[in-house]
Each structure stands twice: as C-alpha cells, then as structure tokens.
Amino acid sequence: MSHHPTRLHAMSVSMDDIVRLSKQRGFIFPSAEIYGGFRSTYDYGPLGVLMLRNVKEAWWRSNVQLRHDVVGLDAAILSSPKIWEASGHLKNFTDPLVDCRNCKERWRADHLEADPADGKIHCPNCGSTDLTEARAFNLMFKTYAGPVEDDANVAYLRPETAQGHFVNFLNVLQTSRKRPPFGIAQIGKSFRNEITPGNFVFRTREFEQMEMEFFVPPADAPSWHQYWIDTRRQWYVDLGIPEEMLRLRPHEADELSHYSAGTTDIEFDFPWGWGELEGIANRTDYDLKAHAEASGERLEYFDQSTGEHYVPYVIEPAAGATRAMMAFLIAAYQTDTVGGESRTVLRLHPRLAAYQAAVLPLSRKETLIPMANEVLDLLQPHMMVDYDETQSIGRRYRRQDEIGTPLCVTVDFDSLEDHAVTIRDRDTTEQKRVAIADVVTEVKARLGL
Ligand code: GAP
C-alpha cells in the first residue's frame, strides 16, 4: 500500500480539523476538561496513547534497535540541582519577561514590538505603556524533594532529558563497552514553565522528548553533525511526511542555545507556518567539561590506540515526541471522495497508525461472532487490532479511515462457507478475498511490518 500522502488537500487542513478529530476520536483531550481545562495541558486518549507510543517506538527502532553504536537510557526526572547549576540552565535557561503594571499581565519582551504610531511598546492586553523593564524568568519548574520546603531541598523537574546522558557518561562507557563514535538515546517527559504555550500540543509545559547525545572525536564533529541532520530529516520522510512539508533552518548566531556551537532545526509546515520539529546541535565538549569541573570526575575517553585522554564532542538530535505526533497527524489528514461520498482519511504510515487493522463482522448476528473472534485472535499477537460490530459496514469503514487504520478485515456470511475474509485497503478502498489461514501473512505483508 502507499504510505506517502500526496498532500492533495492538505492545504485545507486547519488546526480546528486536527483538534476536533483528536477530541472526537480519542487522540488528544484537553486535560481536566470537567474543571474547565488546565493551562495548555493535554491527555492522550485511547487512540492517542497508541499513536504516541508508535512515534516513540519508531524513533527507538531507527536510533537504537537498527544500530550497533547507540545504547539506551532512562534517567530520573527529579535529580540533583547541581546538574542544572553545572549545565548552565539555572543561569541561562530563561526568557526575558515584562510585567504590565496596569493589568498585571506578563509578556515575553522579545515578542513585543513598538507601535509605529508612537514608537512605544503597548501591553497587548490593555494597551497600557506602563511596562516594567525586562527580567530574566527561569523556565524550570521548581519543587522540593522531601517534606521540608527550604533551600536545601530545592529540586527541579528536568527541562530536557539531556543531562541524564552526560551525568551517566562514565557509567555507560564502562558498562556498554562502546567507544566514540557512540550515542546514548533517551525518551521521556520534560517540563518547562513556558510563558506562551499554545498551538495545541506544539508548545506545552509538560511534553515528551526523544533525544540522543552522540559522542565523537572532536575533529569528526562537523561531519557527524551533517550526518545526523540528514538522517533525522529522512526519518520523517520515511514515516510519510512529504518532503515539501519539511525544511532545514540553521540557527543565527544570536539564537543559539548557551551550549551550542551550531544548531540546525528541522522545520515542519504547520497550518500557521513553519515551526521547529527537532533541533540538531553541536554541543561541543561544553556539557562534559562543565560536569567534570563541577563534580571533580574525569569525564573523558581514553583512546588506547593513541594513548590519549580526550573529552568527546557531542552531536545532539533532539526531537519532541508529542510535537512530532501532531505533525504526523497534520501531514496525514486528507479529505477525498469515495463512490460519490466525501470522507476524511488519515493516511498514516502503518507503523504510526493507532491500529494496524480492524476486524469487522458484517453483522452482529451470532453466527459471525465466533469467526470474527478467531480472526482477531490470529492478528492480535502481531499488531494492535480494533474490533467493531456496531452500525453499518460503510460507517465502520469511514470511522476506520478517519482514525487511519490501514486495513479492515471483514467477516461475512460467505466466510462461514469459504473460510475467507475480505481485506479492505484504507488508501485505495480496494477489497480482496483472503483465506483465514493466510490472513496474518497477507496483512503483515501489506503493512510492510
Ligand atoms: N536538549 C536540547 C533541547 O531540549 P530544544 O530545541 O529546546 O532542545 C528539543 O527541544 C525539541 O523538544 C524541540 O524541537 C521540540 O520538538 C520539543 N519541545 C521543546 N519545547 C517544547 C514544548 N514546550 N512543548 C512541546 N515540545 C517541545
């Protein structure tokens, strides 16, 4: 089957379409909705949790499973505040903020522009020009580890999964028997007290990252940087994002993070314009050196062939899992016409779709149910399979198209005679009769899994 959306109708996809589908079909719900929601936080529903797991699994597969030079890690979210002091986050991980003295709203200073009419900066909320000077606002969430809320117990929720990789550098080096060039991969939650969250799950205060720190001999850093830019871009293409919806954007010198000697973003054509999906940074030896100095440990690699100790450089491809999931949804969303009827179809890559297949007994008649269950039992060990016996078969096909299920397997009254089922393709809507004995082989082959 074709995994590559042709983007025929993608221009008409709006964020409203994505938000509505997410809510109606159970991908993403606003969090605490019965209490009126909570500050740009979201919950992943029955389909969302499947798809998000698939995005993370696809990342892990290509970055860990299919390589010999990358190992995994799952570090603590709460850890020593010394990490954030040494990494520079306590000092530098800030946004400049101004307060409006009139209405008390707070704004990102770098997002406000002077009014051409009077050359003054006005509060976007109340119009007042009575604004404070910009102050640095740290984006890390602060809390206390233990029952006593004093300075000795301050802890931070990590604002990036990275740092876990650096503080475990020696542990991983010693236990994995890897040597540069090698990488440490990690997927997990990160937290930032963003001033302006928004655009659905594009920018939230709690989100998931998929990050790798790839340690290389310093002289090889530029070529590995380019390698990871190209490899990471191709990952999105291979999973169905059309090339024209992606672009690479090298950072200007004045927007580089405090640790970076060069960053290139992979950007996606969101409905509101180009936005960052992932950044690939050359972090040099900044982090290992900073932690070596602060901890007194030698965070180095000893190269036996040259007899030299050196601090590796780090290339960091850092992606957002939740943000990537939204981009995959947007790229896959299409409307077309089938037999004179319009439909919404999510042309998701089979690896990302919430369900890879759905088993649909043609009717709820008791005679069909045991056979439908038999087919379900055959498929379930290999993939996520939906099962639906309500409503007309046409409406059930539409529903599966809308949630992106690549294949529907229909059990009908002939199945009782010929021990075969009909497999219907989401993208072409073509149907094919297949013996139940062959159904697993056929479905797996068609999915390309
Ligand atoms: N360790 C490097 C780092 O964290 P970053 O560019 O700040 O770099 C990497 O974050 C990726 O994490 C971003 O490209 C984005 O996909 C995701 N991300 C960052 N902040 C986010 C937020 N507030 N909400 C959702 N995703 C976010």
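**A walk through the cores, the sheet and a few unusual backbone spots**

In this predicted model, the largest nonpolar core has 60 residues, and those with the most contacts inside it are Phe27, Met210, Trp235, Tyr236, Ile241, Phe268 and Phe328. Helix α9, spanning residues 321-332, gives the most to this core, with 10 residues. A good place to look in is Phe328: leaving aside residues up to four places away in sequence, Phe328 touches Met51, Val55, Trp235, Tyr236, Leu239, Ile241, Leu348 and Leu352. Apart from the largest core lies another one, of 21 residues, including Leu376, Leu407, Val409 and Val439. As background, nonpolar side chains in soluble globular proteins tend to be buried together.

Let us turn to the sheet. Here 7 strands form an open sheet with mixed pairing, and their order is β3-β9-β10-β16-β13-β12-β11. The edges belong to β3 (70-73) and β11 (246-250); each has a single partner strand, so one side of each is left without a neighbour in the sheet. From one strand to the next, the twist averages 25 degrees. Within the sheet, β12 (residues 263-270) and β13 (residues 273-284) pair in the antiparallel sense over 8 bridges. Asp269, for example, has Trp274 in β13 as its bridge partner.

Two helices can be followed against these strands. Helix α2 (residues 46-65) packs on the sheet and touches β3, β9 and β10, with a direction that makes about 0 degrees with that of β10. Helix α6 also lies across β3, β9 and β10, but runs at about 135 degrees to β9.

Now find His225, which sits in helix α7 (residues 221-238). Is His225 buried or exposed? Its relative accessible area is 12%, and because buried means under 20%, His225 counts as buried. Setting aside residues up to four places away in sequence, the contacts of His225 are Gly262, Thr263, Thr264, Ile280, Ala281, Asn282 and Ile315.

Finally, some backbone details in the loops deserve a look. The peptide bond from Pro180 to Pro181 is cis, with omega near 0 degrees; Pro181 lies in the loop between α6 (169-176) and β9 (182-191). Ser40 is not a glycine, yet has a positive phi, near 55 degrees. You will find Ser40 in the loop between β1 (28-30) and β2 (42-44), where Ser40 is partly exposed at 24% relative accessibility. Asn199, again not a glycine, has a positive phi of about 55 degrees. This residue is placed in the loop between β9 and β10 (206-216), and at 38% relative accessibility Asn199 counts as partly exposed.

Conventions: Residues numbered from 1 in each chain as written. Predicted model: local features only at pLDDT ≥ 70, side-chain atom pairs only at ≥ 80, totals over all residues. Heavy atoms only, no water. Core = buried A, V, L, I, M, F, W, Y, C linked by side-chain atoms within 4.5 Å. Buried < 20%, exposed > 50% of the residue type's maximum accessible area, 1.4 Å probe, protein only. Helix = DSSP H or I, 4+ residues; strand = E, 2+ residues; numbered from the N terminus. Contact = heavy atoms within 4.5 Å. Pairing = 2+ DSSP bridges. Axes fitted to C-alpha atoms, helices over the stretch in contact; angles between N-to-C directions.
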